[in-house]
Each structure stands twice: as structure tokens, then as C-alpha cells.
Amino acid sequence: MAKNLMRPIEMEVRRMRQKTVTRMQELQHFFGFSEVQFTAAIGCNGKSVAWKSEVQLTQETVHAISQLEQVHQILLSLLTSKGIKHWLHTQKAFLDGKTPVEAIVQGELNYVLEQLIRIEEGIHT
């Protein structure tokens with residue numbers, strides 16, 4: 001009986017994992033990250049090219065993906081596609097001359113998100 005119950009649970013876990021991997025690929029594309037940059041952005045440095053199927057979804061990784069989602073949503077609400085690309089890849093004074101993509105890859109995702117929230121709220125950064 002217990003074995004029969006595990007099959008549907010295992011199938012659901014696989015389905016959820018595939019959905020998460022698909023969303024991670026979408027975020028990677030949205031931000032224009034290379035594989036290496038994306039693994040750094042979500043705290044999985046040093047993973048192989050097949051990292052998406054192997055990555056352990058730790059609390060930290062899930063939190064980073066959630067923050068990338070927030071940045072994604074705010075940018076979509078504020079800018080056009082062209083404006084988003086420009087914003088992500090243009091140096092910012094509030095990031096000490098780094099681009100938001102560079103800052104995120106270097107572990108400053110939370111700071112980028114905080115500054116973007118300030119911009120969204122009309123607070124000059």
C-alpha cells in the first residue's frame with residue numbers, strides 16, 4: 001500500500017521539479033545570464049552544465065529564485081523590453097559603477113532588489 005502511495009508522490013515531485021527548472025531557464029533568459037552567471041546568482045557556483053537537473057533546491061536557492069522573480073516582476077511593471085535590457089546591462093552609480101547583472105552575479109541580488117523597490121516607490125536612489 002505504501003509503495004502505491006509513493007508513486008503518485010514521486011510523480012508530483014518530478015513534475016514540480018521540472019516546472020521549477022523551466023522557470024529557472026526563463027529567468028536565466030530574461031536576465032541574459034550565462035549558465036555560470038545564473039548559477040552564481042542563485043548561489044550554486046561550480047555546478048556543471050547539467051546543473052538544472054542536479055541542483056539542490058536549498059532554502060537559500062529558493063530565496064534567490066524568489067528575489068529574481070521579484071526583480072523580474074518589478075522591471076516588467078516599470079519598463080519596456082528594450083528598457084529592461086538597457087537597465088540590466090548599464091552601469092549604475094548606486095552599484096558603484098556595476099551593471100545590475102554584474103551586481104547580482106557578485107552576490108548583491110538583495111541590494112539590487114531593494115534599490116529597484118525604492119525606484120518603484122518613487123524614492124530616488
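**Exercise 1. How many helices and how many strands make up the secondary structure of the chain?**

Let's begin with the overall plan of this predicted model.

- Step 1: Count each kind of element. The chain has seven helices and zero strands.
- Step 2: Read the elements from the N terminus on. The order is α-α-α-α-α-α-α.

**Exercise 2. Find the residues with the most contacts inside the largest nonpolar core, and the helices that supply this core.**

- Step 1: Look at the core itself. The largest nonpolar core has 27 residues, and those with the most contacts inside it are F31, F33, I42, L68 and I104.
- Step 2: Trace the core back to the helices. At least two core residues come from each of α1 (2-31), α2 (35-41), α4 (59-78), α5 (81-88), α6 (100-105) and α7 (109-120).
- Step 3: Pick out the main contributor. With six residues, α4 gives the most to this core.
- Step 4: Now turn to the whole chain. Of its 125 residues, 34% count as buried.

**Exercise 3. Decide whether T99 is buried or exposed, and list what T99 touches.**

- Step 1: Locate the residue. T99 lies in the loop between α5 and α6.
- Step 2: Compare its accessibility with the cut-off. Buried means under 20% relative accessible area; T99 has 9%, so T99 is buried.
- Step 3: List the contacts. Leaving aside residues up to four places away in sequence, T99 touches L88, H89, T90 and Q91.

**Exercise 4. Explain how R15 and E12 are placed for their salt bridge, then examine R23 with E26 in the same way.**

- Step 1: Start with the principle. Side chains of opposite charge can pair when their charged atoms come close.
- Step 2: Check the distance for the first pair. The closest N and O atoms of R15 and E12 are 2.5 Å apart.
- Step 3: Place this pair on the helix. R15 and E12 are three residues apart in helix α1, so about one helical turn separates them.
- Step 4: Repeat for the second pair. R23 and E26 meet in a salt bridge of 2.7 Å, N to O, and they too are three residues apart in helix α1, about one helical turn.

**Exercise 5. Which parts of the chain does the salt bridge between E108 and K98 link?**

- Step 1: Check the distance. The closest N and O atoms of E108 and K98 are 2.2 Å apart.
- Step 2: Locate both partners. E108 is in the loop between α6 and α7, while K98 is in the loop between α5 and α6, so the pair, 10 residues apart, links distant parts of the chain.
- Step 3: Compare their accessibility. E108 is partly exposed at 23%, whereas K98 is buried at 18%.

Terms used. Residues numbered from 1 in each chain as written. Predicted model: local features only at pLDDT ≥ 70, side-chain atom pairs only at ≥ 80, totals over all residues. Heavy atoms only, no water. Core = buried A, V, L, I, M, F, W, Y, C linked by side-chain atoms within 4.5 Å. Buried < 20%, exposed > 50% of the residue type's maximum accessible area, 1.4 Å probe, protein only. Helix = DSSP H or I, 4+ residues; strand = E, 2+ residues; numbered from the N terminus. Contact = heavy atoms within 4.5 Å. Salt bridge = Lys/Arg side-chain N within 4 Å of Asp/Glu carboxyl O.
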